[in-house]
Structure formats: structure tokens, C-alpha cells
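Me: I am new to this protein and would like a close look at a single part of it. Please pick a place on the inside, then work outwards from there.

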Amino acid sequence: MKNLLLTVALFGLSFASTAQTVVPGVTVSGEGVVYVKPDQVIVNVAVEHSGDYVEKVKQQTEKDVDAVIDFLKKQGIPSKNIKTEYIRLNQQYDYPTKTYNYSSTQGISIKIEQ
């Protein structure tokens, strides 16, 4: 009985050692940390208005975006660093009152460099 158990154990170990194949290679792991003072920042802002009249809502949004851009230029931010990201004009229907409302949104990104 002992011989049988010893044979089974050796047989099982021989399969276990042949089942694992070693692939040659090199494994490296590491971590790097860099401390630097940031020299730029990107700020994303949006202007949104909503109301009953689509044209009025759109004009209010454009007026406010123009005011923001004028302010940024007066602060010394070049035009190339001010970019429109998106413009949305949406219509929402209010079922209880059976009226339409409109919303106008414009997003801009501002890149501030030091």
C-alpha cells in the first residue's frame, strides 16, 4: 500500500513539474515621482440661459459669452487660448402646461499659461 501511494505521489509530481513551462524573460517594476511647478491650467466654463423664446435665450447666451471673452482678453489671455467647446440649443416640452421652453448653452475652455 505504501508503494502504491509513493508511486501515485511521484507520478502526480512528475505531471505537475512538466505542466509548468518557464518562459525566459525579464520582469521589471518601479515607480517614479516627479515634482514640478505647473505652468498651465485649462479651465472649462459654460454659460446657460433658459426661457420661453428661443431667439431671446440664444442672444442672452451669446452676449454673456462675448462678455466673458472680452474680460479674458483684458486680463491678457491670448485669443488662441480661448476655445469654444460646444454650443447647444434645446427645446423642452412641458406636458402639464403644454408649453415649450428653450435652453441655450455654450461651453468654452480657457488655457492659462505662466
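Reply:
**A look at the core**

Leaving aside residues up to four places away in sequence, Leu72 touches Ile77, Ile82 and Ile110; a contact here means heavy atoms within 4.5 Å. Before going on, please note that this is a predicted model, in which local features need pLDDT of at least 70 and side-chain atom pairs count only at pLDDT 80 or more, while totals for chains, interfaces and linings use all residues. Residues are numbered from 1 along each chain as its sequence is written, and side-chain values use heavy atoms, with hydrogens and water left out.

Leu72 and these three partners all appear in the largest nonpolar core, whose eight residues are Val47, Val65, Ile69, Leu72, Ile77, Ile82, Ile108 and Ile110. Such a core is a set of buried Ala, Val, Leu, Ile, Met, Phe, Trp, Tyr and Cys residues joined through side-chain atoms within 4.5 Å. Two elements, H2 and S3, give two or more residues to this core, and H2 has the largest share, with three residues. In soluble globular proteins, nonpolar side chains tend to be buried together. Buried means under 20% relative accessible area, exposed means over 50%, and partly exposed lies in between (1.4 Å probe, protein chains only). By that rule, 17% of the 114 residues of the protein are buried.

To place the core in the fold, start from the N terminus: the elements run α-β-α-β-β, giving two helices and three strands. Helices (H or I, at least four residues) and strands (E, at least two) are DSSP runs, numbered from the N terminus. S2 (residues 82-94) and S3 (residues 99-113) pair in the antiparallel sense over twelve bridges, where pairing requires at least two DSSP bridges between the strands. One of the bridges joins Tyr93 to Tyr100 in S3. The two strands make a hairpin with four residues between them, and Lys98 in the turn has a positive phi of about 55°.

Helix H2 (residues 54-74) also carries a pair of charged residues, Glu62 and Lys58, four residues apart and so separated by about one helical turn. Their side chains meet in a salt bridge (3.5 Å, N to O), that is, a side-chain nitrogen of Lys or Arg within 4 Å of a carboxyl oxygen of Asp or Glu. Both are partly exposed, Glu62 at 35% relative accessibility and Lys58 at 32%. The whole structure has three salt bridges. Another joins Glu85 and Lys83, with the closest N and O atoms 3.7 Å apart, and Glu113 meets Lys111, also at 3.7 Å.

Finally, some nonpolar residues sit on the outside. Val41, Val43, Val45 and Ile112 make a nonpolar surface patch of about 250 Å². Patches are made of residues with over 30% relative accessible area and no salt bridge, with like charges joined within 9 Å and nonpolar side chains (Val, Leu, Ile, Met, Phe, Trp, Tyr) within 5 Å. Strand S1 (residues 40-51) gives the largest share of the patch, three residues. Val45 lies in S1 and is partly exposed, at 31% relative accessible area.

How values were computed. Areas by Shrake-Rupley, 256 points an atom, 1.4 Å probe, with all protein chains shown as cover.
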